[in-house]
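This report introduces the structure to a reader who has not met it before. Please keep the sequence and the model at hand while reading.

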Amino acid sequence: MTISLHEASAGLFVPFLHNLSGLLDQAGAYAEARKIDPAVLLGMRLYPNMYDLAQQVGEAMRHAVVGSALLAGREPLAFSDSKPDLAELKSRIAAAIAFIEGLPRAEIDAAADKDVAFRLKSGVELPFTGRSLLLTFSVPQFFFHVTTAYDILRHAGVDLVKRDFLGRR
């Protein structure tokens, strides 16, 4: 069985970004029911030196968008550096999904052996082939940040189950 790079990138990123948006919906409902400012949840972290919830969501989006854009040979969608509220985070997720869905499938599928470079926030560039970028960097990074966002919300008391992470299929 063969799996395409498009299936392994957009085919994973898009549904899990939808799931991540759903997690934020549940966080908002939780905050409203308990009369908690949603900003408190967005600022939570599992450990002092880890990113907070808003940053975890931002990094998940960044790895999905930049990884997909590099495969497609396009400039990635850029997000504001401003600190988002819950509604803005959901809007950014929707924009990330639309961007990824709009990338050309054929160019992504043809990128397996293409040389690409992922630029870290520090400015350092990491060289990859399209295949190695996706399989050893972008997908693992994406799932690390989505999982950590889920874990922060669970730790905060939001009533989530594995199906919320995986999606209701």
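With which side chain does the side chain of R62 make a polar contact? The partner is the side chain of E59, at 3.2 Å. The model discussed here is a predicted one. R62 itself belongs to helix 4, which covers residues 53-72. In general, an α-helix has 3.6 residues a turn, so residues three or four places apart point the same way. Leaving aside residues up to four places away in sequence, R62 touches G67, F118, R119 and K121.

**The largest pocket**

The largest pocket has a volume of about 760 Å³. Its lining is made up of 32 residues, and those closest to the pocket centre are E59, R62, F79, D81 and K121. Both partners of the polar contact described above, E59 and R62, are thus found in that central group. Three elements give two or more residues to the lining: helix 4, helix 5 (86-101) and strand 1 (115-119). Helix 4 supplies the largest share, with 10 residues. Sorted by class, the lining holds 16 nonpolar, five polar and 11 charged residues.

**Two helices and their ends**

The table sets out the spans of helix 2 and helix 7, taken between the end C-alpha atoms.

| Helix | Residues | Number of residues | Span | Expected span at 1.5 Å a residue |
|---|---|---|---|---|
| Helix 2 | 10-33 | 24 residues | 34 Å | 34 Å |
| Helix 7 | 130-156 | 27 residues | 37 Å | 39 Å |

For helix 2, the distance between the end C-alpha atoms agrees with the expected value, because 24 residues at 1.5 Å a residue should span 34 Å. Helix 7 reaches 37 Å, which is close to the 39 Å expected. Where does helix 7 bend by about 35 degrees? The bend lies at S138, and a proline, P140, follows within four residues.

A residue with positive phi is found just after each of these helices. K35, just after helix 2, has a phi of about 55 degrees. Just after helix 7, G157 takes a phi of about 105 degrees.

Technical notes. Residues numbered from 1 in each chain as written. Predicted model: local features only at pLDDT ≥ 70, side-chain atom pairs only at ≥ 80, totals over all residues. Heavy atoms only, no water. Expected span 1.5 Å × (residues − 1). Bend = angle between axes of the 7 residues up to and from the residue. Polar contact = N/O pair within 3.5 Å; in protein donor to acceptor, adjacent residues only side chain to side chain. Contact = heavy atoms within 4.5 Å. 1 Å grid on protein atoms, 1.4 Å probe; cavity = no way out; pocket = protein on both sides within 12 Å on 5 of 7 lines; lining within 4 Å. Points joined across faces, edges and corners; volume = space filled by probe spheres on them. Nonpolar A, V, L, I, M, F, W, Y, C, P; charged D, E, K, R; others polar.
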